[in-house]
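Student: I should like to learn how the features of a protein model are read. Would you please guide me through this one?

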Number of protein chains: 2
Amino acid sequence: MYSYSYLFDFTSLVLQKMGFSEEDSAQCARVFLAAELRGISTHGVIRIADYFKLWEAGRINVTPDIRIVHESPSTAVIDGDGTIGMLPACKAMSVAIAKARTAGSGWVAVRNSSNFGIAGYYAMMALEHDMIGFACTNASPLVAPTFSAIPMLGTNPIAIAVPAGQQPPFVADFATTPVTRGKFTIAARKGGKISFGYAQDAEGNPTDAPTAIEHGGSMLPLGGDREHGSHKGYCLGAAVDILAAVLSGANFGPFVPPMMSYLPLLDQKSGEGWGHFFGAMRVDAFMPAGEFKTRMDKWIETMRNAQPAKGHERVLIPGDPERENEERIAREGIDLLPQIVADMKMIAQKTGIKFEG
Amino acid sequence: MYSYSYLFDFTSLVLQKMGFSEEDSAQCARVFLAAELRGISTHGVIRIADYFKLWEAGRINVTPDIRIVHESPSTAVIDGDGTIGMLPACKAMSVAIAKARTAGSGWVAVRNSSNFGIAGYYAMMALEHDMIGFACTNASPLVAPTFSAIPMLGTNPIAIAVPAGQQPPFVADFATTPVTRGKFTIAARKGGKISFGYAQDAEGNPTDAPTAIEHGGSMLPLGGDREHGSHKGYCLGAAVDILAAVLSGANFGPFVPPMMSYLPLLDQKSGEGWGHFFGAMRVDAFMPAGEFKTRMDKWIETMRNAQPAKGHERVLIPGDPERENEERIAREGIDLLPQIVADMKMIAQKTGIKFEG
């Protein structure tokens, strides 16, 4: 088990060694560690090695000039200058919040970025300002549009955070696919199968093989198959791609570049880097904040008190599981898998920073 | 088969007979008929009888004072004064578009409204202004949150419309459930079953009975079951309810009043009427409109040209099926089921307006 502060310091030092400023390194470390605390370890420390290798390959700009390239009273476009996604993402959400303060709402598209970690982190930045926060991003192609045989879209997650009063906030943060790809890896390691509705083979036939993607297959959009509404999951993933990338000037759909240093850059581009899209709406641009929070408390209590289905103890509010993880993991410490510890030791050795374990 | 203009004139005259102004009647008729043309007949002429009966029961205000009750440069709240949903919805989308023209984006929440027909109609209002349009609404409770046994949310649809250049626009318009309730009715009439993943019984067990809802069961959110991501469909439906109703001052969740005159009004309220939420973003608040449309054309062509899955001929873009319906139905005419013709004749008799068929 590692403490938050131990992993935070290590991550910050590694990023500084790569050439990021102390302030930027701390900002990125906060997002990596937030993923660990919230129990979304697929976007936590495990990703540091990916960025480290991208940096070794000269594919990450560590001294970016992140700037607004277009704006209106309630909108902006930010160019991330080819850096690690957390930096333009934090800047963009701050701009969205500032615009919401004066215009009521703020909407910021980002281009020339890369993987930004968990979308929920940015949506939640709005909460302390009594604003509703929104964040989404495109990602490397893994998902086939309904009726297609080819991965054309990322798992394109969406996060929405809504402040409440006495109750904890509502925080939804989800990929627009039935499950994350991590489930495939776990099933493959155990020699098991995945559920039908998660993936298809290279011809577009339903499959339960956890190695479907390695063999030319694709993940399926939320809904799983047409009969269960996968065309709606496709609509969602597509809308994210359009807002994050078509509207910002980033690469969209199958043109989104890989985040793995061992994968070559694509021959064709449709823009610059990855794309994100952020939003903030000031609650009191709609009704007094106190009144809204009382209403939101009542909404949460109403859903929480709904009769549970047979075999279930309680009805959850979006954000409950992650908040409970946060409380538990902050207390118990962060557990890293042996492979991740080995990766961190590799980085420690190369950078001369100490890593215990 | 009926022509568009025949049904448009009939619908307008019925609404005028109910007491709506000529202009308001025409506006509502346009939305009812747009649903028929787009092939979404569940929201078309069939609904006129529901409104007619609500009016007979004194539950629709035909001379509403629809007004902005709160606003900021990019946001507003509109009170629908208890009228038919199309009127505050059109007004709200117009306000969103006007605000987007000056502030870059406009976001309008509506309370004290009722069923507004198809969400896509309002999102598409943005297209001719080179704006991205957004619309969603809550609705009477039919859907159980994941792990709950009780209907707490409506089918809460979301629509997003994006302008393109040479290509037709991207128009996504979908309920946050795997299918519409209409599928249940059709299966029940045929004596068949529904797919697992659409509904649960009164205790929250999976069921394939098309009469599940009549027996105390619920529809399930998009995803169907937890294993296939129904908690993400629940997040979506919940987010719609919060934006449309908590933020506007409308009834949320289980408090949304019924649209059927034979169902009593609920004992408890959490606001006024139904709630909607609309948005418009000026494309050139992000990049020059011409550049965006060229990019959007490329996005559409890229997806359309993706290799189809085995057994499928082509990959669709959201909006393709409805646009093809529109072309065909405008040419062939609008077909009404015998029960709907009977309803229209009942209305014709009561109002003294002629209806053929």
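Tutor: Let us begin with a term: helices (H or I, at least four residues) and strands (E, at least two) are DSSP runs, numbered from the N terminus. Ser113(B), for example, is found in strand S3 (residues 105-113) of chain B. Please note that this is a predicted model, in which local features need pLDDT of at least 70 and side-chain atom pairs count only at pLDDT 80 or more, while totals for chains, interfaces and linings use all residues. Residues are numbered from 1 along each chain as its sequence is written, chains are lettered from A and ligands numbered from 1 in the order in which they are written, and side-chain values use heavy atoms, with hydrogens and water left out.

Student: Is Ser113(B) buried or exposed, and which residues does Ser113(B) touch?

Tutor: A residue is called buried under 20% relative accessible area, exposed over 50%, and partly exposed in between (1.4 Å probe, protein chains only). With a relative accessible area of 5%, Ser113(B) is buried. Contact means heavy atoms within 4.5 Å. Leaving aside residues up to four places away in sequence, Ser113(B) touches Thr83(B), Gly85(B), Pro88(B), Glu272(B), Gly273(B), Trp274(B) and His276(B).

Student: How is the interface of chain A and chain B described?

Tutor: Two figures introduce it. In contact across it are 94 residues of chain A and 94 residues of chain B. The buried area (the accessible area, 1.4 Å probe, that two parts lose on being put together, summed over both) is about 7,200 Å², and carbon and sulfur atoms give 68% of it.

Student: How many salt bridges cross the interface of chain A and chain B?

Tutor: A salt bridge is a side-chain nitrogen of Lys or Arg within 4 Å of a carboxyl oxygen of Asp or Glu. The rule finds two across this interface. One of them joins Lys310(A) to Glu203(B), whose closest N and O atoms are 3.6 Å apart. On the side of chain A that touches chain B, helix H7 (residues 230-246) of chain A supplies the largest share, 12 residues.

Student: How many salt bridges are there over all chains?

Tutor: The count comes to 29 over all chains. Among the pairs within chain A, Asp284(A) and Arg282(A) meet at 2.6 Å, N to O; Asp284(A) is partly exposed at 35% relative accessibility, whereas Arg282(A) is buried at 18%. Arg323(A) and Asp320(A) form another salt bridge, at 3.1 Å. Both lie in helix H9 (residues 320-332) of chain A, three residues apart, about one turn of the helix. Asp320(A) is buried at 1%, while Arg323(A) is partly exposed at 21%.

Student: What parts of chain B does the pair of Arg181(B) and Glu214(B) tie together?

Tutor: These two residues form a salt bridge, with the closest N and O atoms 3.2 Å apart. Arg181(B) lies in the loop between strand S6 (170-174) and helix H6 (182-189), and Glu214(B) in the loop between strand S8 (206-207) and strand S9 (218-219), so the pair ties together parts of chain B that are 33 residues apart in sequence. Arg181(B) is partly exposed at 32%, and Glu214(B) is exposed at 53%.

Student: How many disulfides are there over all chains?

Tutor: A disulfide is a covalent bond between the sulfur atoms of two cysteines. The rule here requires a pair of cysteine sulfur atoms within 2.5 Å, and the count comes to zero over all chains. The sulfur of Cys235(A), for instance, is 15 Å from the closest cysteine sulfur, in Cys136(A), too far for a bond.
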